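Reader: I have a few questions about how the terms in this description are earned. Could we go through them one by one?

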Amino acid sequence: MYNIIIFGPPGSGKGTQSIKLAEKYGLTHISTGDIFRSEIKAKSPLGLRVQSIIENGELVSDDLLVDLLRSAMQKHPGTEGFLLDGYPRTIQQARDLEVLLTELNGGVNVVLALDVHDDELMERLLNRAQVEGRKDDTEEVISNRLNVYHSQTKPLMAHYDGQGKMKSVHGVGTIDEIFNRLCEKVDK
Ligand code: ADP
């Protein structure tokens, strides 16, 4: 198995790059944000449970994420590997992921990070709000999501850096420029 985590603040372009990376490397793309949005849209029990948390820009509990990940992974037995987008987001989730991947005889191979400045992120997310109308793209919720990212998710970079797996790229440029920067890191 070959497993990649893509990591970056809200609005850094993780989703777009994930689709391209998964295709190029033949990996199964799992986006926890996409899963939650489709559950909310379907008004499923899970969707109803997480809706207000997400609309406030808070994180869903680590325990709920373990179950969600395990069932998403079980849907793809025999995959070449996973491209994880939006998970892990806390140190506890990184530990849980280790266990989940070990169950599949795999581990985290590389962690890619998109580096984008907060001012640029706010601008992109406010634009996206107008195009896509995501409920968590209001100015107040965006700034909460950025705070949550800096306080809870960013520490993961040091965690993976300590394991020699962290590879950051500059996240401003065209989609293809950024994609090429990411591929260079994977291919190295
Ligand atoms: P963003 O574009 O802000 O990076 P995502 O689309 O990945 O966000 O996720 C949207 C929301 O779903 C998050 O703000 C959070 O509330 C919830 N969520 C997604 N993944 C996780 C996770 N791994 N742990 C906790 N909450 C999560």
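Author: Gladly! Let us begin with residue classes: Asp, Glu, Lys and Arg count as charged, while Gly, for one, counts as polar. By that rule, the lining of the second largest pocket has eight charged, two polar and three nonpolar residues. Please keep in mind that this is a predicted model.

Reader: Which residues lie nearest the centre of the second largest pocket?

Author: They are Arg37, Ile40, Gln51, Glu55 and Lys135, out of 13 lining residues. Helix 2 and helix 3 (45-55) are the elements that give two or more residues to this lining. Helix 3 gives the most, with four residues. The space in this pocket comes to about 300 Å³.

Reader: How do you know what volume the largest pocket has?

Author: A volume is the space filled by probe spheres set on the grid points. For the largest pocket that gives about 1200 Å³. The pocket is lined by 49 residues, and Gly11, Lys14, Arg37, Arg128 and Arg134 are the closest to its centre.

Reader: Which element gives the most to the lining of the largest pocket?

Author: That is helix 6, with six residues. Several elements supply at least two residues each, among them strand 1 (4-7), helix 1 (14-25), helix 7 (139-153) and helix 9 (175-187). By class, this lining has 18 nonpolar, 19 polar and twelve charged residues.

Reader: Where does the ligand sit, and what makes "sits in" the right phrase?

Author: The phrase requires that more than half of a molecule's atoms lie within 2 Å of the grid points. The ligand meets this for the largest pocket, so the ligand is said to sit there.

Reader: How many residues surround the ligand?

Author: There are 18, and the closest are Lys14, Thr32, Glu58, Gly86 and Arg145. Helix 2 (residues 32-41) gives the most to this shell, with four residues. The shell has seven nonpolar, four polar and seven charged residues.

Reader: What makes the pair between Arg37 and the ligand a polar contact?

Author: The cut-off for a pair of N or O atoms is 3.5 Å. A polar side-chain atom of Arg37 lies 2.8 Å from an oxygen atom of the ligand, so the pair qualifies. Gln93 passes too, with a polar side-chain atom 2.9 Å from a nitrogen atom of the ligand. In Glu58 a backbone N or O atom takes part, 2.5 Å from a ligand oxygen atom. Taken as a whole, the protein covers 96% of the 550 Å² of accessible area that the ligand has on its own.

Reader: Why are Lys43 and the bond between Tyr87 and Pro88 singled out?

Author: Most residues other than glycine have a negative phi, and most peptide bonds are trans. Lys43, although not a glycine, has a positive phi of about 55°. Lys43 is found in the loop between helix 2 and helix 3. The peptide bond joining Tyr87 and Pro88 is cis, with omega about -5°. As for where to look, Pro88 is in the loop between strand 3 (82-85) and helix 5 (91-103).

Methods
Residues numbered from 1 in each chain as written. Predicted model: local features only at pLDDT ≥ 70, side-chain atom pairs only at ≥ 80, totals over all residues. Heavy atoms only, no water. Near = heavy atom within 4 Å. Polar contact = N/O pair within 3.5 Å; in protein donor to acceptor, adjacent residues only side chain to side chain. Areas by Shrake-Rupley, 256 points an atom, 1.4 Å probe, with all protein chains shown as cover. 1 Å grid on protein atoms, 1.4 Å probe; cavity = no way out; pocket = protein on both sides within 12 Å on 5 of 7 lines; lining within 4 Å.
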